[in-house]
Amino acid sequence: MIENTYDDLLGKYVVVTGAGKGIGKSIAQAFLREGAKVILISRSQITWLDEFNSDQYISIRKDIRDINFFKIWLKNIEEKNIKINILINNASIISKKNLL
């Protein structure tokens, strides 16, 4: 479902980490509604994509700490001449250890 308020986002490539739920989900949905091509990265299965066309997004179920995977993935993106226009680094790690 494309609502397209901002024409300059139409067809742009946006990467959103932590896109499975919460703020990342809301950010990703907003870009999808504007017609952006969104690359969704999440450690958990993304279950909310039914309302969007599958040609609008790429869903990657992976922990962003897997550096080797993303090095290879970025190389593949470059080889396909895909330019990432926007990066939203929303992923976080929650530690239950004391900081001090």
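Strand S2 is largely enclosed by the rest of the structure, because five of its six residues are buried. The model in which this strand appears is a predicted one. S2 covers residues 37–42, and S1 pairs with S2 in the parallel sense over five bridges. Within this pairing, valine 14 stands opposite valine 38 of S2.

The wider plan of the chain may now be set around this strand. The chain contains two helices and four strands, and from the N terminus on these elements follow the order β-α-β-β-α-β. The C-alpha trace spans about 50 × 30 × 25 Å along its principal axes. The chain has 100 residues, of which 31% count as buried. Among contacts between residues at least 6 apart in sequence, 50% join residues at least 24 apart.

Where do the buried nonpolar residues gather? The largest nonpolar core has 15 residues, and those with the most contacts inside it are Ala28, Leu32, Val38, Leu40, Trp48 and Leu49. S1, helix H1 and S2 are the elements that give two or more residues to this core. H1 provides the largest share, three residues. Apart from this core lies another, of eight residues, among them Ile41, Phe70, Trp73 and Ile77.

Two residues offer a closer view of this region. Leaving aside neighbours within four places in sequence, alanine 28 is in contact with Val16, Ala19, Val38, Leu40 and Trp48. Glutamine 29 is found in helix H1. Is glutamine 29 buried or exposed? Glutamine 29 counts as buried because its relative accessibility is 11%, and the cut-off for buried is under 20%. With neighbours within four places again left aside, the contacts of glutamine 29 are Trp48, Glu51 and Phe52.

Strand S4, which comprises residues 84–88, includes leucine 87. Isoleucine 86 is also found in S4. A general feature of strands is useful here: in a regular strand the side chains alternate between the two faces of the sheet. Leucine 87 is exposed, because its relative accessible area is 57% and exposed means over 50%. Isoleucine 86, at 23% relative accessibility, counts as partly exposed. Not counting residues up to four places away in sequence, isoleucine 86 touches Leu9, Tyr13, Val14, Val15 and Phe31.

Separation along the chain and separation in space may also be set side by side. Leucine 87 and isoleucine 39 are 48 residues apart along the chain, and their C-alpha atoms are separated by 9.5 Å. Isoleucine 86 and asparagine 76 are ten residues apart in sequence, and the distance between their C-alpha atoms is 18 Å.

The loop between H2 and S4 holds asparagine 81. This residue has a phi near 60 degrees, a positive value in a residue other than glycine. Asparagine 81 counts as exposed because its relative accessibility is 70%.

The next topic is the space between the atoms. Rolling a probe the size of a water molecule over the atoms shows where empty space is left. In this model, the largest pocket contains about 380 Å³ of space. Its lining is made up of 17 residues, and Gly18, Lys21, Arg43, Ala91 and Ser92 lie nearest the centre of the pocket. The lining of the largest pocket divides into five nonpolar, seven polar and five charged residues.

The second largest pocket contains about 160 Å³ of space. Which residues line the second largest pocket? They are Val15, Thr17, Ile41, Ile64, Phe70, Trp73, Leu74, Ile84, Leu87 and Asn89. Strand S1 (13–17), helix H2 (67–79) and S4 each supply at least two residues of this lining, and H2 gives the most, with three residues. The lining of the second largest pocket divides into eight nonpolar residues, two polar residues and no charged residues. Ile41, Phe70 and Trp73 appear in this lining, and they are also among the residues of the eight-residue core. Leucine 87, an exposed residue, is likewise one of the lining residues of the second largest pocket.

Definitions and conventions. Residues numbered from 1 in each chain as written. Predicted model: local features only at pLDDT ≥ 70, side-chain atom pairs only at ≥ 80, totals over all residues. Heavy atoms only, no water. Buried < 20%, exposed > 50% of the residue type's maximum accessible area, 1.4 Å probe, protein only. 1 Å grid on protein atoms, 1.4 Å probe; cavity = no way out; pocket = protein on both sides within 12 Å on 5 of 7 lines; lining within 4 Å. Points joined across faces, edges and corners; volume = space filled by probe spheres on them. Nonpolar A, V, L, I, M, F, W, Y, C, P; charged D, E, K, R; others polar. Core = buried A, V, L, I, M, F, W, Y, C linked by side-chain atoms within 4.5 Å. Contact = heavy atoms within 4.5 Å. Pairing = 2+ DSSP bridges.
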